[in-house]
Every structure is written in C-alpha cells, then in structure tokens.
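Trainee: Could you take me through one part of this model with some care, namely its main nonpolar core?

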Amino acid sequence: MNYIPTDSVQCQTHVQVRTPTLSTIRRRKFGQLFETMGQSKKTRVFALVFLGIVVSFTFSVWTSRYARFPPLRCLYVARTRVSNAAHNLARPNAIRDEFHTKGFLFISVMSSQKYLNTRARGVWETWGKEVPGKLAFFTGHINRTDDTKYLPIIELDVPDDVYPPQTKAFKMLEYVYEHFVDKYEWFMRADDDVYLRTDKLRLYLMKFDSAEDLVIGQPGTGKKEEIGKLGLGRDDNFCLGGPGIMMTSSVLRNVGPNAVYCLNTTASYHEDVEIGRCLRQFGGVMCPWGFEAKELFRQVYEKPMEAYHGSLDAIEYIKGISFHPVKDPAYMRRMHVFFSTQHIHRLLIRKRSLDRTIENIEPFLKGSMHWTNSRKLLSDHNDRSHRNARNSSQPWESFDFSKVWALTDKPPLRYIHDGTEAAMTKVVDFSKEILLRDGESNLYEKISFDKWHNGYMRVDPLTGTEFWVELGTKYQTRDPNQGAKVTRMRRTVRIRQTFGKFIIKPEENYGVSKIPLHFIVPLMERLENFKRFLRSFEEDFILNNDPVKLLVVYFPDVASSVEQKKVFDQYVKKYPSVEMKWLDVKGPFKRAVGLQIGTDYFGNNSLLYFCDVDLVFRREFADRCRANAVLGKRAYFPVMFSQFNPKITFANKRHPGHYYYTKEAGFWRWYSFGPVCAYAKDINDSGGLNTGLLGWGLEDVDLYEKFLKRSDIEIFRAPDPGLVHVYHPHAPCDPKSTEEQQTMCRAAQADIYSSAPSCVDYLHTKGYLGYFL
C-alpha cells in the first residue's frame, strides 16, 4: 500500500511515494496507542510514570558501564605538571571496582651490603613487618648471601659503596615511580638506621588527602656555613633524609620521570638536598615549615652514635613518629619493645573501656533496665571509679619527685626510690602528654613546663590509683611585629589508673621435687645461739626427713672452736645419714668469705641457703625456699621476722614463743638482705660475694645489688613466717669497718630493742618518765 506523507502538502516538489518500513509502522501504532490512552486521564498518568521508569533505568545502566566521572577531591588541584589522561584511562569501568585497588604506603629503604645483616635486619625484624603497605630495601650491585635472602631487596644498576649515595637515591626514586606509582597512595624514602612507629605514621598520614600534591618531613635549610651554597631559593627548604621523606603518588608522578635530569644537575653533595630541589622544581612542592615537624620526625645531631641510648619514657618521645639515627640494631629492637609495650598498654586501656561500656549497656539489651534509669545505671553499675572521684573518705598523700607525705600508719615523711620514683616520674610525664594533646599545641609555637607545684595520690582497693598533678606551663608564640610572647599558666591534671581484670599466667611448678637444700652458716663463738640453731634444725628438718645438708664455716683464729665443735659432733654422730660438715678457716672473721667458701664447696648445681646462727625455722620454710628459687631464673631473698628484746616487750607478760607476729613482738626486717635462697651457679655468675669486706654487714647488700643488675634473674622478696631472728644483744660495731658498715650497724642496734609503745610502758613502769611529765 502506497501513501503520501503529510509534509508533502507544503513541499510538493519533494513528494515521494514509498513503502513504509517495519519501524515506521511500529511508531505509528505506538502513536495511535498513546493517542488512545490520552483520552483517559488515569491511563495517561500511568503511561508517563511507566515511561519515566524505563528511561531512568536505561540511563543508569548506560552510565554505570560507559560514562566516566572525574575523581572526587576535597580541594581542587590548581596545577598539575603531568597529564593524568593516560592514568584515567586505566581506571576501572565501575565505581565499585575502584575500592581497595591501591595500597596505603610504600617505603623504600636505602641500604648497602655492608649493613644488610645488621641495620637492615634490625629494621625488618622490628617495624619493617608492620608497615601498612610494603617495604623494600634498595642497594647497588651486591652478592646475596644465605643470611639475607629473606630480606625484600631490590638491586639497582648502580655501584653499592659510593658515598654520597646520590646516584642510588635518584635511581631508587625512578624505580619506585616506574613500578609502584599506581599501586600506593603514599611513598616514603627512608634510611636503614631510622626507627618508625608505623601505627602513628598511618594515623598521621590519614589526616591528609592523598590526592593532593603533598610532601611531608622535617624541614631543613642546611648548616650555617652552607646556606646560599646548596642551590636553594631564598625561601626554599628541603626535607631531611634521615627521619624520612613522605610524598603522595601525584608528586612522585611529577618527579619520577625527571629523576635522571635532577641527578645530572646537582648543586651539592647532599642527596636529601638534591631530592628537595627536584621536588621543588618538578613537583612544585617543598617541606612544610611546621614547627611541630621537629617533634614528629626526630633527628639527633649531637653524639649520633649514642642517640636514644637513654630512657625512652620521656616527654620528648611521646609525639615522635620517626627517630634517626639508630646505629645499633640492638637499640632498634629496644625501641621496638618499648613502643610495642606502650601500644599494647593503650589497647588494654581501650579494651577495659569497651568492657565497661558493654557491661553498662547489657541490661538494656536484655530488657531488664528501662531507658529512664540510664543515668543511675551509668553512674553506679560496675563503674565505681566515677563514684569515688569526688566525695571519698580515702585520704590523699602529697608527693614530689623525692618525698611522700602520708596520713596513714606509714611514716609521715618517707623518701621514694627505685620503681616508685620511676612511677612518679611517669605520672608527671603522662600529665605533660595530656597537656600537649589537649589541642593547645596547635596554637603555640612552643610549650614547656617550668615549675612543679603539687602532686597528690591515693589508692582505693576497689578501683585503682588516682593522681592529682599541678604543673606550671609556659606557652610561647611569635608575633611578626612584637616578637616572642610568653604566657604562663598553672594547669591541673587528674589521672585515674584503674584496676583491670585478672590476667592469669600459668607458671611451671619448679619446686615440686624435694631437692637437697644446703645450709651455710659462718660462725664465731655464740655457743648458746649455736645450740638453739641446731635444735631447730633437728626438729624442723631432720626429724621430718627433709633432704637438707649443713656446712658450718668457723674462724678459729678469732675464738676457740672447742665447745662448738663438740656440740656439732654430737649431732653428726646422732644422724649419720645427714650430711653435716665443719670447716675451719684461718684469718679474721669475714661473713662473705665463709659464704663464698660454702658456695664453692657444694658446687654450681646446688641450692644454697645463706643462714645465720641466730635464726629458728618452721619446716615449711624449706619448701618455700625450693619453690621460690629457680636455677637461671629466680633468686629468693626472704624477709625474716626480727624479735624485740623480750625483757622490755614482755616485761610483765608471759613470753608467747618465737612465732608470735605482732607490732609489740618484733618487725619484718625489710632492710636486711642476709638470708638468701639461690643456686650456686647464679651466685657465681652474678659475681659472687665481696670477700674484701671485713667483719659484719654490707656483703648482703652487695650481693643483692649484683642480682639487681642482671636482667635474666628475677628477685623474689617477701616476708617468710617460717624464718625468725631471735633477739640477742647486738655485737659492738667494729671500728675498723667502713663508715657505711658502721652506719648500718648502729641502725640495726637501734631497731632491735623495742617498739615505741613497749618502750614507753617499760620506762613508765620503771618510773623514768616522771622526771619529764
């Protein structure tokens, strides 16, 4: 069927008679259908909605597969030196495919064969495996050995031992650009003697937009004598290479292709200066002038071989991210252990906080608590530390760096030392850290602490320790017109160290077997005391079939040993199965000499107990000695209970016996280190006894301090109720002894007479106090 189109009326010369196609027929039918549907209002609305859905669906499918959109960025980058068109063509077709296509950080560590087995190995075995991305060591031509095959090493086509390593540095930059520029967001150039806190580095870099042209590091302008000779502009700088140089992938994309050009146009011998010039010339960026960079990326100039050998628990290391230089791998591992411990501690604190939150919210989840009671729940339920923070009857103690003033039954003023002093210093440093982190550090160029005001502490057995620290702070700002301006403020910080849940650590039961216990007793005179000692030794150990041995070391040149030897031989004859030996030693009495002779006599694998003749025992003491002393692991220094003079303490009372533990009867002699349970090998490996000391005293303290210096031996020290020192008049202090020995001797004489209440009662009974009242 032929037809004449409607437009032929207006243009007769173009009239053509043609056969309609299939598509034309469909369009006409669709138009007729739409015209018919238009006659009904409801039908017309339905048709429009249906048509909109079809068009929208078709458009969305087309855009998700073919349409391209530019990447979303926080800020518009005004200048890009290298076109990203080729890079954009490589992007995935769908937006969903772009997630997780890039790693976060690639660290290129410049090293050489000389340091692969030392510094590089130290890096890889500490922070190198914790990088949030990838790490590789770059060297020149080297000979790979078996002990370095596990290291991720990339060999460059350059000499390995040329210094300064400018060629290696720029070739490394070029290699990273060619192989990794599209695979990571951030890139870092580092030396093999830098320590990185990778967790802090990741959090720090995440604050910035990696799509921008950014370079981060510690800014430098060179030494005073080098300024103006490094090829830098008047206001230019460079990032110090030691603490590390970080850049985004867009900066590397601009600089990488020009690395060879930068290498051929150097103006100095410093490779970090030349990298900085290259970044400025082709990347259009340079190191930020932020004053905080020196605290984040630390560089030590004075005595670099001894850098970070001191205490790491200091305020200046709190904010640090990178630390350079660390020349000795042992100190690299030391830093890693310290910062890892700090990180674990923060995680435990976070875990306790989350545990408390879960416990607080659990009644709501179970439906046993209504939301209207939430305030009471959060203040009372399993969170006593918030309740006790203000109105508590627990008194405070006042302290400074050397003294504590207490209100309890402790001495009103006592000096702190050892671990307590370190703990106090840590509390103050933590207070400084809080003040540095409270946001004000961003407003001031420099913050320092110039005065200590007050410190208070108290311990609640149910919640933990609470500290109140007052510090004087000095804030410094720099005004272009007025210069430096200093503001002083007095700041207060309250710290609560809460108790956590029990941490159970199973320990091997080393003391199960009844190994022989070797008693060593240096002796001079003291016949009656010696008889009492042997009776206690017999009743508590021999008659109970406890495997014990006894060695008495006597000094006959000072006093005759006839009577003592006669008593000793009676016990030897009475108990032939028990090993009891007597040794005579020539010369003046030296307790240290007697103990060292006994140590050598029994041999290295023997468990020894350094004993005095004034002691009496309970049978369980031997078991505690075996359990608490472990070969190569632990030495036991039991604290004995020292009795007062019974003629004063029990002047009008019946004596209750040796094993009576009250303040009137005696005290725990915590300052005495004479009793020792330890293996002979551990004693000898620690340096043994100081046999040069004359007479009594100081040899026990000397041995204790030798054990303290060993990191592989734990010292276990606790009161032992099975060890009682019976009162006896103290021997006169030897005038030939050292001044320190005489001081200790006089202090011991004063301590053992009586307690203060018993002394007052005794003086009152005798009528002596009437003259003073």
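Trainee: Before we turn to that core, what is the accessible surface of the protein chain, and what percentage of it belongs to carbon and sulfur atoms?

Mentor: The accessible surface (Shrake-Rupley method, 1.4 Å probe, with only the protein chains shown counting as cover for residues) comes to about 45400 Å², and carbon and sulfur atoms account for 55% of that area. This is a predicted model, in which local features need pLDDT of at least 70 and side-chain atom pairs count only at pLDDT 80 or more, while totals for chains, interfaces and linings use all residues. Residues are numbered from 1 along each chain as its sequence is written, and side-chain values use heavy atoms, leaving out hydrogens and water.

Of the 773 residues in the protein chain, 41% are buried, that is, under 20% relative accessible area. The largest nonpolar core (buried Ala, Val, Leu, Ile, Met, Phe, Trp, Tyr and Cys joined through side-chain atoms within 4.5 Å) holds 40 residues, and those with the most contacts inside it are Leu105, Ile107, Trp127, Leu135, Phe137 and Leu205. Among the elements giving two or more residues to this core are the strands β1 (103-110), β2 (133-139) and β4 (184-191), together with the helices α6 (198-205) and α11 (329-366); helices are DSSP runs of H or I with at least four residues, strands runs of E with at least two, numbered from the N terminus.

Leaving aside neighbours within four places in sequence, Leu105 is in contact (heavy atoms within 4.5 Å) with residues including Val131, Pro132, Tyr184, Trp186, Met188, Leu201 and Leu205.

Key: Buried < 20%, exposed > 50% of the residue type's maximum accessible area, 1.4 Å probe, protein only.
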